[in-house]
Every structure is written in structure tokens, then in C-alpha cells.
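Let's take a walk through the inside of a protein. Have a look at the structure below, and then we'll start with the empty space in it.

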Amino acid sequence: MIHISPFFKSNSYYLFPLRPDLFFSRFTTATAPKPPQQHLISLIKSCTQRSHLLQIHAQLIRNSLLQEFAFSFPLLSRVALSPFQDISYSRQIFSQTPNPSVFHYNTMIRAYSRSNSPIEGFLLYQDMRQRGLRADPLSLSFVIKCFVRVCSLMGGVQVHARILRDGHQSDSVLLTNLMDLYSLSEKGNEACKVFDEIPQRDIVAWNVLISCFIRNHRTRDVLVLFDGMVSGEFLCEPDDVTCLLLLQACANLGAHEFGEKVHGYIQEHGYGDAMNLCNSLIAMYSRCGCLDKAYGVFKSTRNKNVITWSAMISGFAMNGHGREAIEAFREMLRIGILPDHQTFTGVLSACSHCGLVEEGMLFFDRMTRDFGIAPNIHHYGCVVDLLGRAGELDRAYQVIMSMKVKPDSTIWRTLLGACKIHRHVTLGERVVGHLTELKAQEAGDYVLLLSIYSSIGNWEKVTELRKFMKEKGIQTTPGCSTIVLKGEVHEFVVDDVSHPRKGEIYDMLDEINEQLKIAGYVVEPTSELHNLGAEEKKYVLSYHSEKLAIAFGVLATPPGTTIRVAKNLRICVDCHNFAKFVSGVYNRQVIIRDRTRFHHFSEGSCSCNDYW
């Protein structure tokens, strides 16, 4: 039951003030009278306290005004949406409204699309249609947002059909939301078809298309779109959200040159002080191996927050500067910024990449003891990686078994990778068993197990496992390396013959191999998982994808130019040795980003100190 405040006069539309200065038992001014109803509506729209809304609600009920659209709709909108966003109270008001209109339904569906129970929005949409109310474009748009929240592709398809039946295919906002749903459902082609149907494409539609390309691994298309937008070809200039998405794409691809172009656009268009863009620039440069530029953005960022510090700490970590990451963490604490979950992920990762076992375990303990942060699966994963790399495999296994959260496939894979490094067959087999129990085993897991068997010369097990993989139709992911030159992405796989300059590339690689042999480079045969002769192994290892990418970099860039390569898998020992020799013999900096970290090769050595 709603209490009627003594602020209200009985049996009257007139109200006493919600603030002493708002007394309006008479609604008149010097020039014209103001009707009580309009004043009440204005009061609803300007109300900022829930207690005052309750008083107004009580007055509306008492005077039977809730059945009038002029009062019920603004009250519902005020409660359901910002600033209150009280879904329970708004549902109560909605249920008290006789014969709610499409506008009432739209408000509630919109509120549910932002709530923790978005499927309720769809149920209200169904109820609206059962009452014979015709959904308008806004109704369908909010319903799509509900489906986006629950990732329901089938629901989106049904709404798409309704859009076509009701003739709403010219509504740009509605189609943009539909695009977003298809994109999130990894239906990139359908999203692009919807984009082509949008009659007037604003910046929101273009940004959704860019998001779609990123989600569906069409990163290179994102770069082409940005160029077209900047040139005016698409009649739509990039905004700050576009720049944010582009920085993510450049980070994924390792395209630092293009990232610099986006950085320049940000500065030229006055977005340079936006904190989210500064943080993204730090992350982008870090993930492209340009730590000096990441640090430059970090130093120039005013009012650094915990996200800024965490981005820089993670940048130090992934580029092999563990001590610097720890120093940054301590400086952050010194100036009074408290760490969050992501900060500790960065610090623990830094300790893992640099073999700082005791320091890492101390940070892990402090996280809960000193900062009250409960470890999540990512923190446990860093600890397992830390112990696994250091050879403490049994201790790492015990950490997983004693975790307060359920182990996922990623953490078991982390331990399996450590088993490969340290050739621990028994534990490796046990880990694959855990992955099988989770029904999460992948081709890469069997490849790691193959590597463990081959590293100890157990070719019988290798043959047996290969036969099993063939029978089960398990296909491995081929190694792929990319290098970006002058904004163009060049992609290579093992024994690649698709590049237009393939003849020159293979000639250059043969020449590099001859020069490296003179300098003392010897092929590492354990990197080949097939039971081949020594000479056959040397031949097979000669044409790994990162070697082809490096050869192309030497061929296509002036002497002294840094060569940057991104690899989708962990770099093998032989290619790691190859890159070290190239950096020394050819006086080049070679930066390779593999699946987990960066390797900065210079003057014959690597930033990882051969610990990876």
C-alpha cells in the first residue's frame, strides 16, 4: 500500500511543496495562470528523489489520474529510465496502468533491455502483440537489444521477419541494432547485408560494421574502412568511438604504423584528452611491441586512473620488462591509486614472463590480504604459468586442484604448455584427461602432447596419437605469421607459395640461412614433430611461417629497419634461435609477437633471455 504524504491536500489536485520554496497551492503568475495538471507533469519530469516520486504516485492514484496517459507515461518513464532505473517499481506502475499504450510498453521493454532480466522485455513485447497493439520501430529496436543481451540469434531472426512484414526496413536505427545482433552472433555476412539495406548510414551504423569486422576476424577490412571514412569516400567522418575500435583492430593485427595514423587523427580532431582513448593507445602500442611509444602516451596522460596504470603495467609485462612492471605497480600505490583485478593480472603476468617466482607468489598473497581482491580464473592462470615456466609443475597442479573457482580449459592448457617445455609426459597425459572431462579438448592440445612425446623420442606414442587424431578428424591450426608494411598486411603460412613475390622471398631466405650458418646458427631438430631424418627435419624447419615473414621484411625494407612479425601460435625454439641470429648478422631489431608475449631480438639476444 502506498502512503499518501501529508504534503498533499486531501481531495484536491493541488500540492504542497516538495521543497519549501515550491509551494504552489495557487498556480498563477503575473501574466498567465499555469494549470495544476501541467505543473504536476513538470514536477514528475524534474523529480530527483524516489521519496518525492512516491508522493506523486500516491496523489495520482488517489485522484484517479494514473489512467490518464498525460500522467502515467511521464511517471513510468521517470522511474524506469535514468536517473532511477528502478525496474521493480516501474513494473508496479505499469501493472497499475489500465490499457497501457505502445509508449508504455516501449518504455518497459527498453528498461528491461538494460536490466539483468532482458528476456522479460521480449515477454512484454509478446504481451503487447497479444493485446492487439502494433509494434513500432522503437518497440522492435528495444526487443532486439534484449536479444543482444542474451545473444539470442533465433529471436533476432524472428524480429527481422517482423520488420520485413511490417514495412520498417527503412528505419536506420532499427536496422543498426539488428546488425549488432547478427555481429554478436558471429553472422558477419548477414550483418553486412543489413548494413547494405540501411538507407541513411550514420556514424553509429559504420561503427557497428567496424565492430562486426573485428568480431569476425576481418581486421584488415577495418583498416580499409577507416581510410575510406577519412578520405570522404563514405561521406561519414570517424568519431571517438571509431578511433577506439580502430585501435583495438591495430592491436589485434600488430599494425603499429596504422595505429600511428589513428593516433594522429585523434590528436588532429581534439580527442587527445579522452581518457578511454589514451588508455587504448597505451594498450595498442604495447601490443604492437612499441613500448617506448606506449610509455610516451602514458607519461603525457593527465589524471591517470587505475585503467591507465594497469594498461602500462600489462604493456611492460607482455614485452618482457617484469621489473619495470613491478616498479610501476609500486609507484601507483605510492600516489594513492588502488589496484583492481586487471592490475594484478598484469603484475602476475610480469612475474611469470620473467621468472620472478617468489615475487609473484607474494603479490598473489597480497592481493587478497592487503586489497581484499578475491583471485579470479585469470589470476590463478598467471600463477600456474609462473610455476609451470619455472619447472614447479607439481606445485602448479596443486594450485589448480585447490582453486576456489572451477578450472577452465585455458588454465589446463597453460599447465600442458609447461609440461611440453619441461617434457613431463605423465602430467601432460593427465592434463589432457582433464580437458577431455571438460569436453574442451582441441587440436592444439594434442599437438602439445605430440611435442612432449617427440621431445623424448617416443615415436611410437607420436604415431599412435596421430592415428587417433586422424580417426577423430581432428584438424590442427596451421601456423600463420603476418607482417604489415606501408599499411598492407602480408600473411604467410609454412611453405607458403601464395605471395606475389614468393620467388624473391625464398631466394632471400636461402641467402639468410647461408649467412646464419657462417655465424654459427644450427637448426634445432626437436622443433619438428615428425619422425624424419636430420636432413629432412632441417628442410621442413627452414620454411616456417615466421622465417618467411622475416625474409620478406629483410627483402622489402631498407637496412636497419625494425622487422615486426605477429604469429598466431607459440614460436618454436628453432625460429627463436633463427630470429636471434638475424638480429645480430643483419643488424636489425626483430620483434615477434606470438600467442602469449613479445620477443624483442637485438644484437643476437632476446628480451626474454630464452625464458619463455
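Keep in mind that this is a predicted model. Its largest cavity has a volume of about 80 Å³. Which residues sit closest to the centre of that cavity? Out of 14 lining residues, they are Leu-253, Gly-254, Arg-564, Val-565 and Ala-566. Three elements each give two or more residues to this lining: β1 (480–485), β3 (563–567) and β4 (590–593). Sort the lining by class and you get nine nonpolar, two polar and three charged residues.

The structure holds two cavities of 30 Å³ or more, so let's visit the other one. The second largest cavity offers about 40 Å³ of space. Phe-492, Asp-496, His-499 and Tyr-506 are among the residues that line it. Helix α27 (residues 502–519) supplies the largest share of this lining, with three residues. Here the classes come out as five nonpolar, two polar and two charged.

Now for the filled parts. The largest nonpolar core has 148 residues, and Leu-60 and Leu-415 have the most contacts inside it. Helix α11 (residues 203–215) gives the largest share of this core, nine residues. Why does the core lie between domain 1 (58–183) and domain 2 (375–476)? Because both domains give residues to it.

Zoom in on Leu-415. Leaving aside neighbours within four places in sequence, Leu-415 is in contact with Val-384, Leu-393, Ala-396, Tyr-397, Ile-400, Leu-427 and Val-431. There is also a second, separate core of 32 residues, including Ile-563, Ile-571, Phe-578 and Tyr-506. You've met Tyr-506 already, in the lining of the second largest cavity.

Technical notes:
Residues numbered from 1 in each chain as written. Predicted model: local features only at pLDDT ≥ 70, side-chain atom pairs only at ≥ 80, totals over all residues. Heavy atoms only, no water. Core = buried A, V, L, I, M, F, W, Y, C linked by side-chain atoms within 4.5 Å. Buried < 20%, exposed > 50% of the residue type's maximum accessible area, 1.4 Å probe, protein only. Helix = DSSP H or I, 4+ residues; strand = E, 2+ residues; numbered from the N terminus. Domains from an automatic or database assignment. Contact = heavy atoms within 4.5 Å. 1 Å grid on protein atoms, 1.4 Å probe; cavity = no way out; pocket = protein on both sides within 12 Å on 5 of 7 lines; lining within 4 Å. Points joined across faces, edges and corners; volume = space filled by probe spheres on them. Nonpolar A, V, L, I, M, F, W, Y, C, P; charged D, E, K, R; others polar.
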